[in-house]
Amino acid sequence: MGNGVREGQVDFKGQDVEPTASAHLPAEGIQEQKKVLNSLMSGALAGAVAKTAVAPLDRTKIMFQVSSKRFSAKEAYRLIYHTYLNEGFWSLWRGNSATMVRVIPYAAIQFCAHEEYKQLLGSYYGFQGKALTPFPRFIAGSLAGTTAAMLTYPLDMVRARMAVTPKEMYSNIVHVFIRISREEGLKTLYRGFTPTILGVIPYAGLSFFTYETLKKLHADHSGKSQPSPPERLLFGACAGLIGQSASYPLDVVRRRMQTAGVMGHTYSSILLTMQEIIREEGLIRGLYKGLSMNWVKGPIAVGISFTTFDLTQILLRKLQHSTNVER
């Protein structure tokens with residue numbers, strides 16, 4: 001991911017004659033703009049493809065998270081099948097439009113921010129042009145996830161509401177915003193924000209850390225500069241498994257707080273929400289409800305996301321390079 005971008009920059013800038021100072025700065029600025037735009041486009045596509053692929057599983061997981069029903073693979077299958085029979089095949093993707101509205105900017109910002117934070121931390125720690133050491137690698141991922149979550153949180157709130165309510169309640173995304181603002185107040189759009197940020201720090205940090213670490217280990221031991229697409233999928237799956245397992249209880253708390261207004265509950269804080277879940281459903285069955293489904297959904301989604309991002313980055317760099325050669 002990061003290594004490929006830096007290598008691409010070296011290729012584009014390598015010239016036989018050193019450019020003058022007046023030409024060098026604008027050229028650097030253009031290259032930086034292209035790099036940021038490539039990261040945004042690649043991240044947006046990565047998020048859209050990954051989330052669409054696992055949307056039915058994601059919707060099912062949210063419906064269990066926000067209810068007191070006991071989770072099992074059998075019950076999850078029954079819920080999916082019942083939804084299909086009563087509401088049709090495409091109802092399994094209900095809320096996916098809201099997910100796209102949220103995940104496209106979220107993934108674009110997260111991947112782009114990660115590239116920028118890697119560059120900043122590399123300069124700060126003296127690793128410019130090289131792979132970061134483990135701690136800065138984790139910090140870069142955490143900062144990227146936090147930045148994206150802060151800028152797109154209301155869209156995540158809307159997506160959760162659409163996933164757990166019947167289609168008669170909210171006709172579209174704009175309708176959700178209007179009804180929540182009118183009936184529950186604008187502050188409701190940020191309900192569950194604190195557990196989201198607390199959860200995204202270990203999730204994004206460990207996900208990016210694991211993926212980048214596995215790519216570095218692969219390069220060190222195989223002698224190949226870049227892993228193959230199946231290897232990228234595997235590394236991404238491992239990253240998703242570790243990241244989501246570490247942050248899952250906070251994900252449950254976040255969903256409960258986001259959907260409290262339509263599920264007949266009142267949750268005022270993270271600790272009180274956790275206490276009520278544990279009291280009513282137990283520690284494991286409550287705070288880790290749906291985790292086994294996440295172990296299927298999460299690795300698939302994260303693997304697809306990282307792989308799509310990397311391959312799109314490579315494709316865009318090749319297209320730009322061929323354009324420059326033609327000129």
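Which residues make up the largest nonpolar core? Keep that in mind as you turn the structure, and remember that you are looking at a predicted model. The answer is a set of 11 residues: Tyr248, Leu250, Val252, Val253, Met257, Ala260, Tyr267, Ile270, Ile277, Leu287 and Leu291. Two helices, H9 (229–258) and H11 (270–281), each supply at least two residues of this core. The biggest share comes from H9, which gives five residues.

Let's pick out one member of the core, Leu250, and look at what surrounds it. Setting aside residues up to four places away in sequence, Leu250 touches Pro195, Leu198, Gly199, Ile270 and Met274. There is also a second, separate core, this one of 10 residues, and among them are Ala107, Phe208, Tyr211 and Val302.

Now move to a pair of helices. Helix H5 covers residues 96–125 and helix H8 covers residues 193–222. They pack at an angle of about 65°, and their axes are 13 Å apart. The crossing of H5 and H8 is right-handed. Where do these two helices meet? On the H5 side you will find Tyr106, Gln110, Phe111, His114 and Lys118, while H8 brings Val200, Ala204, Phe208 and Glu212. Sorted by character, the residues of this contact are five nonpolar, two polar and two charged. Notice that Phe208 takes part in this contact and also belongs to the second core.

A good residue to visit next is Gly141, which is found in helix H6. Is Gly141 buried or exposed? Its relative accessibility is 0%, so Gly141 counts as buried. Leaving out neighbours within four places in sequence, Gly141 is in contact with His114, Ala204, Gly205 and Phe208. You have already met His114 in H5, and Ala204 and Phe208 in H8, where those two helices come together. Gly141 and Phe111 are 30 residues apart in sequence, and their C-alpha atoms are 8.9 Å apart in space.

Next, follow the charges. How many salt bridges does the model have? The count comes to 18. One of them joins Asp156 and Arg255, with the closest N and O atoms 3.5 Å apart. Asp156 lies in helix H6 (residues 134–164) and Arg255 in helix H9, so this pair ties together parts that are 99 residues apart in sequence. Both Asp156 and Arg255 are buried. The two also belong to a network of salt bridges that links Arg102, Asp156, Asp251, Arg254 and Arg255.

Helix H9 takes part in another salt bridge, through Arg256, whose partner is Glu281 in helix H11. Here the closest N and O atoms are 2.9 Å apart. Because Arg256 and Glu281 sit in these two helices, the pair ties together parts that are 25 residues apart in sequence. Arg256 and Glu281 are both buried. H9 and H11 are the helices you met in the largest core.

For a contrast, finish with Arg179 and Glu183, whose side chains meet in a salt bridge at 3.0 Å, N to O. Both of these residues lie in helix H7 (residues 173–183), four residues apart, which is about one turn of the helix. Arg179 has 22% relative accessibility, so it counts as partly exposed. Glu183, with a relative accessible area of 51%, is exposed, because the cut-off for that label is over 50%.

Key. Residues numbered from 1 in each chain as written. Predicted model: local features only at pLDDT ≥ 70, side-chain atom pairs only at ≥ 80, totals over all residues. Heavy atoms only, no water. Core = buried A, V, L, I, M, F, W, Y, C linked by side-chain atoms within 4.5 Å. Buried < 20%, exposed > 50% of the residue type's maximum accessible area, 1.4 Å probe, protein only. Contact = heavy atoms within 4.5 Å. Axes fitted to C-alpha atoms, helices over the stretch in contact; angles between N-to-C directions. Left-handed = near helix turned anticlockwise from the far one by under 90°. Nonpolar A, V, L, I, M, F, W, Y, C, P; charged D, E, K, R; others polar. Salt bridge = Lys/Arg side-chain N within 4 Å of Asp/Glu carboxyl O.
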